Amino acid sequence: MDDKKEYRPRLTQDEMDAVLRFRGEIKDADTDSNEYQSPKVLSAWGVDGTLMNIDQYCSFHGLPREDVSSYKLVSHTGTPYYNLVFREQKLIDEIDFEDVINSVVGNYKRKHKKFKYNNGDVVTRLIYTDTHIGMDTDSEGIAMYATEWNKKTIFETLDYMCQEVIDNRDGSVLYIDELGDFLDGWDGETVRKGHELPQNMNNREAFEVGLEFKMFMIERLSKYFDSIICNNICNDNHSGDFGAILNHAFQRLGEKTYDNLIVNNYHSFINHYFIGNRAIVISHGKDKKSLKFGFSVKLDPKQIEKIDHYLKHNKIYKKSDFIEFSKGDSHQFLLDYTTSQDFDYMNYPALSPSSEWVQNNFKKGVRGFVIQHITEGDKNVKVIPRLI
């Protein structure tokens, strides 16, 4: 019996035109209008008449293979093609959130006033970190120290924090430092990916709770201070760009709603600002991309050198008499005034309870926030911890 080659149909002219049009090699004006009577799919037939695999398909049609989370070959139609599902994370890069937010709350730039402090002036500072909105601390009901962390308990914690600030306020200016990991992640993972997280909110719910959290906080506190300055870390290992988007929305909405509010969103790994002659250097402790370990709870010579280089590069030694380095991430409360002779090294406690993983691998831990009274010209800072 003679060998016969298996017949495989090649691309039709319409299919080839659809591919070329998708790739930009044919413009609409080059084709007849009757070619648009029905939508064209991207054929899975190769130019040699064989079916392409998924890698060949993406390469041929110029599709980002790395962003395809799943695919299925559809072969029961006249033209076989791949049904693709792209990672949702890609949407963050493609949507101009700033333009969308500006269109809702108004595109304007507020001129932020500069504060001048006289000797003896006192300001109040609130520091909280690692709120982890969306985190499920007991996803399977077997956590050693199960603690509810949902919208209800988050806002109960917020209400307590605001009341403590009101009861312990001093001076007319309030600084609020949020040191990162405000949201637990995106699509059940950290923004760095590769690390799955049990979560009890979807992306939309976490965003809504987070924005409501920050707006409610200002609503509670704005009547007690002439000025409120919010400093938000937007470069961390859990929230990353998702947290940056939320903080941008908070900045636009908050500053338009409250005349006495200033919001500063910091996108670098290490940042700083000044309260009179005191420099406050702030960082989450890990970044959104590369630092797996980051700054530890206890300083070592390598970390001292890293901070020292930052202080020298930004001439902070020349601009200030006192320096504090503030960080989150470690979920521990440890104030170090002595390891470095040049700056204080402060680890602030997480506002959220410990995750199930931390509970099982370490211990229950404590959570809370810290209030400070900073007096211009005084080296000593009054520290008021509130552990929950």
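Here are three short exercises, with worked solutions, on a predicted model of a protein chain.

**Exercise 1. Find how many helices and strands the chain has, and what share of its residues is buried.**

Solution. Start with the secondary structure: there are 10 helices and 13 strands. Next, turn to burial, where a residue counts as buried if its relative accessible area is under 20%. Of the 388 residues in the chain, 49% are buried. Finally, look at the surface: the accessible area is about 20600 Å², and carbon and sulfur atoms account for 49% of that area.

**Exercise 2. Work out the strand order of the six-stranded open sheet, and explain why E6 and E13 are its edges.**

Solution. Walk across the sheet and you meet E6, E5, E4, E3, E12 and E13 in that order, with mixed pairing. Now count partners at the two ends: E6 (261-266) and E13 (382-387) each have a single partner strand, so one side of each has no neighbour in the sheet. As for twist, neighbouring strands are turned by 15 degrees against each other on average, direction ignored. Then zoom in on one end: E12 (residues 368-375) and E13 run antiparallel and are joined by six bridges. Try locating one pair yourself: Ile371 has Ile384 in E13 as its bridge partner.

**Exercise 3. Identify which strands helices H6 and H7 lie against.**

Solution. Take H6 (residues 203-221) to begin with: this helix packs on the sheet and touches E3 (122-128), E4 (173-178), E5 (227-233) and E6. The direction of H6 makes about 160 degrees with that of E4. Then move to H7 (residues 240-257), which lies across E4, E5 and E6. H7 runs at about 165 degrees to E6.

Conventions: Residues numbered from 1 in each chain as written. Predicted model: local features only at pLDDT ≥ 70, side-chain atom pairs only at ≥ 80, totals over all residues. Heavy atoms only, no water. Helix = DSSP H or I, 4+ residues; strand = E, 2+ residues; numbered from the N terminus. Buried < 20%, exposed > 50% of the residue type's maximum accessible area, 1.4 Å probe, protein only. Areas by Shrake-Rupley, 256 points an atom, 1.4 Å probe, with all protein chains shown as cover. Pairing = 2+ DSSP bridges. Axes fitted to C-alpha atoms, helices over the stretch in contact; angles between N-to-C directions. Contact = heavy atoms within 4.5 Å.
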